[in-house]
Structures are given as C-alpha cells and as structure tokens.
Amino acid sequence: MRKLWVLVAAGAVGTVVALSVPSAFAEDYAFADEFAGTAGTAPDSTKWTQETGCEWGSGKEQQCYTDGGHNAELDGNGHLLINARAEKYNGNDFTSARLRAKTMTGAGTVEVRAKFSGYQAGAWPAIWTTDEKTWPVNGEIDLMEIGLNKTWKPKYHTHYGTRGDVQSKGGIYADDPDDAGWTGWHTYKAVYTNGDNGSVKFYIDDVFVAEEPYQVPDDAGAQVILNIAVGSAAGTPDPKLDNTMTVDYVHVTQR
Ligand SMILES: [Ca+2]
C-alpha cells in the first residue's frame, strides 16, 4: 500500500516518473510466483506441490524427485533454483525436483522467465503445462524443453488427442547468436485458446515464434510444471551431472 500512496503523490504534483513495476499487479494473475523469500528455503508450499518418487517416464528417467528444498530452493534474490545432480538416492544415481502448480487454470497466457546452466548430457529441463490426470486429452503445452536428443536447443510443443492418438506439434526456437549456449535469461510465453479451433502462440522474449493447433475441450484446465528430468529422451547422463534451472517468475493469466 505504501508504494501506491507514493505513486499517487507523485502524480498529484505532476511529476513524470519511470515506473519499474510488473506488467500487471499480482491480483490480476490466476497464478503467479515471484519466488521472493529467504535463501535456502523451499518453494512456497501453498503454490506448489513438489512431486517425489523414482519411477518417472515409465521408469526410463533416472532421477528421483525430492522435496523440502533438497533439489528446489529459493536463492534469496527472487529466484527459484531447481538442481539436478549426481547423487545416490533410493537406488538411483541422480536427484532432481519437479514442481507442479496447485492452481488449475484455463485458457489464457503463461509466461515464465528463466535461465539454464548449460548443456550436460542427460539433463532435460522443462517449463510446461498439463493436466496430468487426463493427459493428453486436456493437452500439454511445452513452453520450453531443452536437452532432448542430446542437443541443447530449446523446443516448444503442443500435445493433445487421446492416449491412442497423441497429436504433437512444435519446433525449435531459432538459434540465438548472442546466447549460443542458451544460458542467459529469456522469457518463454504461450498465449492459448481451447476448443476445436484452439491454438497456442509461442513467444520468446516477446517475439512471436509460431502458432500451433491445440484441440482440447473448452473447459480443459492446466497446471504449470517446472522440472529437470534426467536420462530417457535426453540420453545417457553425465555421471557428474550438476544442472540448474533458475526461474525469476511464473505469471499465468486466464481469459
Ligand atoms: Ca523473481
């Protein structure tokens, strides 16, 4: 409230001020996290479920997901850190974290600002949305996944359809000569509609990339997921794997 009062006062005296504020106030978001908090603490448990366990991707993935800040913590500077690392845990050789938003949202906009520590064989960071209980009927939007097929090129996808007939559309974000290693900050955004004519418009750093079909029920819901998987489609992991996804914010708006 104090900030608002200052803005009003500045306006009253006719002062032109350059405002450094988010593009919308927090209450406009259907779901959001700025990842403010004390260094070393776990992500906000009122917003995120930290999914755990060692059997993911039909057992082909090689990580155990942990909770409680073991592999996902705040850095104290407004960021979430998800770290996948080589570490013996319940019979597996790697640990990591997988955060699923507790809020189910409908069609709208999802924007995530994030960066990555760089390529390591077997690391598969992803920023995506889905409704896991109904997959793929209610769809999946991959705003960014990197490390697939042993390449460090970020990709975007939509998936929908049925388990017997999964539709997959998407592509690879254009090479960035200024950030060949894809280790810098980028915003990944999906603007989407549901329904028979539904589609997803993908943007990186607010630059339009592509529009892909997204044919899901009108009332299909989705939850944001942030994770780093290890192995499987990302290939044989580096035995010294230590890979980090840093997230500045997650902003979700609903139509
Ligand atoms: Ca932040």
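## Strand pairing, core and local geometry in a predicted model

Strand S8, spanning residues 108-116, pairs with S17 in the antiparallel sense over nine bridges. Within this pairing, alanine 114 stands opposite valine 247 of S17. S8 also runs antiparallel to strand S13 (residues 186-192), to which six bridges join it. Here valine 112 faces tyrosine 188 of S13 as its opposite residue.

The structure is a predicted model. Its secondary structure comes to one helix and 17 strands. Of the 255 residues in the protein, 38% are buried. Among contacts with a separation of 6 or more, 69% are between residues 24 or more positions apart.

### Confidence

The mean pLDDT of the protein is 92, and 89% of the residues reach 70 or more. Over residues 1-18, however, the pLDDT is below 50, and this stretch has two contacts in the model beyond near neighbours in sequence. Where pLDDT is low, the predicted coordinates should not be read in detail.

### The seven-stranded sheet

An open sheet of seven strands has the order S2-S7-S16-S9-S10-S11-S12, with antiparallel pairing. Its edge strands are S2 (48-51) and S12 (165-172), each of which pairs on one side only. From one strand to the next, the twist averages 20°.

Three of the antiparallel pairings in this sheet can be followed through individual residues. At the S2 end of the order, four bridges join S2 to strand S7 (residues 98-101), and glutamate 51 stands opposite arginine 98 in S7. S7 is joined in turn to S16 by three bridges, again in the antiparallel sense. Arginine 98 takes part here as well, with asparagine 227 as its bridge partner in S16. Arginine 98 thus has glutamate 51 opposite it and asparagine 227 as its partner in S16.

Further along the order, strand S10 (residues 140-145) pairs with strand S11 (residues 155-162) over four bridges, also antiparallel. In this pairing aspartate 142 stands opposite histidine 157 of S11.

### The nonpolar core

The largest nonpolar core has 56 residues, and those with the most contacts inside it are Ile127 and Leu143. Strand S16 (residues 223-230) gives the most to this core, with six residues.

The contacts of isoleucine 127 link several of the elements described above. Leaving aside residues up to four places away in sequence, isoleucine 127 touches Val112, Ala114, Leu143, Met144, Tyr188 and Leu226. Two of these have appeared in the pairings of S8: Val112 stands opposite Tyr188 of S13, while Ala114 stands opposite Val247 of S17. Leu143, also touched by isoleucine 127, is the other residue named for the most contacts inside the core.

### Backbone geometry in the loops

Most residues other than glycine have a negative phi, and most peptide bonds are trans. The following sites depart from this pattern.

| Site | Location | Backbone value |
|---|---|---|
| Tryptophan 135 to proline 136 | Proline 136: loop between S9 (123-130) and S10 | cis, omega near 0° |
| Asparagine 149 | Loop between S10 and S11 | phi about 55° |
| Serine 232 | Loop between S16 and S17 | phi near 50° |

Are the two residues with positive phi buried or exposed? Asparagine 149 counts as exposed because it has 9 C-beta neighbours inside 10 Å. Serine 232 has 18 C-beta neighbours inside 10 Å and therefore counts as partly exposed.

### The C-terminal segment

Arginine 255 lies in the segment after strand S17 (242-254). Arginine 255 is exposed because 12 other C-beta atoms lie within 10 Å, and a residue counts as exposed at 12 or fewer.

Which residues does arginine 255 touch, apart from those up to four places away in sequence? They are Gly106, Ala107 and Gly108. Arginine 255 and alanine 107 are 148 residues apart in sequence, yet their C-alpha atoms are 6.2 Å apart in space. Of the residues touched by arginine 255, Gly108 belongs to S8 (residues 108-116), the strand that pairs with S17 over nine bridges.

Terms used. Residues are numbered from 1 along each chain as its sequence is written. This is a predicted model: local features need pLDDT of at least 70, side-chain atom pairs count only at pLDDT 80 or more; totals for chains, interfaces and linings use all residues. Helices (H or I, at least four residues) and strands (E, at least two) are DSSP runs, numbered from the N terminus. A residue is buried if 20 or more other C-beta atoms lie within 10 Å of its own, exposed if 12 or fewer, and partly exposed in between; C-beta atoms are placed from the backbone. Two residues are in contact if their C-beta atoms, placed from the backbone, lie within 7 Å. Two strands pair if DSSP finds at least two bridges between them. A nonpolar core is a set of buried Ala, Val, Leu, Ile, Met, Phe, Trp, Tyr and Cys residues joined through C-beta atoms within 7 Å. Axes are lines fitted to C-alpha atoms, for helices over the stretch in contact, and angles run from 0 to 180 degrees between N-to-C directions. pLDDT is the predictor's confidence in each residue, from 0 to 100.
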